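User: Could you take a close look at the enclosed space inside this protein for me? I would like to know what surrounds it, and how it sits alongside the other features of the model.

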Amino acid sequence: MKCKQWITKYREILFYLIFGVATTLVNLVLFAAMNSLLGEQQYLVSNVVATVLAILFAYVTNKLFVFDSKSWEWNVLKKEIPSFFGARAFTFFVEEAGLWLLIDCLEMGNLQISLFSFVLTGTMLVKLVLQIVVIVLNYLFSKFLIFAKKKQKS
């Protein structure tokens, strides 16, 4: 299979990965910045700010580039917006619960990993792991519920 054919065949997944990584970076950078500003003990507040801004970024990039939903007509938006933000709210609560469970209850926030003089706190490590869970869930919601293409009747 030639490169152009491969890209055409796997365009959606490829673009989801690219913009998913970008959204994750937006989320992680904002989370780290908010933790630095507020202190790591306020990680749940930091996560709210980071997630809300990352969700706004994700909606626009998913709509325009990943799932090719270019219409800004009200009939399209009134379906997409509540389902997109509803699904993201669900995965946000999964992440918040996971952060609380792993950091507060299981005390994983106390961990510290050092890689090449870069220190990764337990809080950031937990956030990274939960981002993988969130990315998978968000893709499934977006692919099969939010931006699902209606099949043409032949």
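Analyst: Happy to help; what follows starts with the cavity and then turns to the pocket and the surface.

Please keep in mind that this is a predicted model. The search gives 1 cavity of 30 Å³ or more. The largest cavity holds about 210 Å³ of space. Its lining is made up of 19 residues, and those closest to the centre are Thr 23, Arg 88, Gln 131, Val 134 and Asn 138.

Which helices build that wall? At least two lining residues come from each of H2, H3 (43-66), H4 and H5 (122-146). Helix H2 makes the largest contribution, with 6 residues of the cavity lining. As for chemistry, the lining of the largest cavity has 9 polar residues beside 8 nonpolar ones, and 2 that are charged.

Helix H4 deserves a moment of its own, and Ala 87 is a handy place to stop. Ala 87 lies in helix H4. This alanine counts as buried because its relative accessibility is 10%, and the cut-off for buried is under 20%. Between Ala 87 and Asn 62 there are 13 Å in space, C-alpha to C-alpha, for a separation of 25 residues in sequence.

Helix H4 also brings us to the open counterpart of the cavity. The largest pocket has a volume of about 190 Å³. It is lined by 10 residues, with Lys 79, Glu 80, Ile 146, Phe 147 and Ala 148 the closest to its centre. Here helix H4, which spans residues 74-105, gives the largest share of the lining, with 4 residues. The pocket lining divides into 4 charged, 4 nonpolar and 2 polar residues. So that you can set the two side by side: 2 charged residues line the largest cavity, while 4 charged residues line the largest pocket.

Finally, let us follow helix H2 from the cavity to the surface. Trp 6, Ile 7, Tyr 10, Ile 13 and Leu 17 form a nonpolar surface patch of about 460 Å². Helix H1 (3-9) and helix H2 (11-38) each provide at least two of the patch residues. Ile 13 is part of helix H2. With a relative accessibility of 44%, Ile 13 is classed as partly exposed, because that value falls between the 20% limit for buried and the 50% limit for exposed. Helix H2 thus appears in both places: it supplies 6 residues to the lining of the largest cavity and at least two to the nonpolar patch.

Methods:
Residues are numbered from 1 along each chain as its sequence is written. This is a predicted model: local features need pLDDT of at least 70, side-chain atom pairs count only at pLDDT 80 or more; totals for chains, interfaces and linings use all residues. Side-chain values use heavy atoms; hydrogens and water are left out. Patches are made of residues with over 30% relative accessible area and no salt bridge: like charges are joined within 9 Å, nonpolar side chains (Val, Leu, Ile, Met, Phe, Trp, Tyr) within 5 Å. Accessible areas come from the Shrake-Rupley method with a 1.4 Å probe; for residues, only the protein chains shown count as cover. A salt bridge is a side-chain nitrogen of Lys or Arg within 4 Å of a carboxyl oxygen of Asp or Glu. Buried means under 20% relative accessible area, exposed over 50%, partly exposed in between (1.4 Å probe, protein chains only). On a 1 Å grid over the protein atoms alone, a cavity is a set of points where a 1.4 Å probe fits but cannot get out, and a pocket is an open set with protein on both sides within 12 Å along at least five of seven lines; lining residues have an atom within 4 Å of a point. Grid points are joined across faces, edges and corners, and a volume is the space filled by probe spheres set on the points. Ala, Val, Leu, Ile, Met, Phe, Trp, Tyr, Cys and Pro count as nonpolar, Asp, Glu, Lys and Arg as charged, and the others, Gly among them, as polar.
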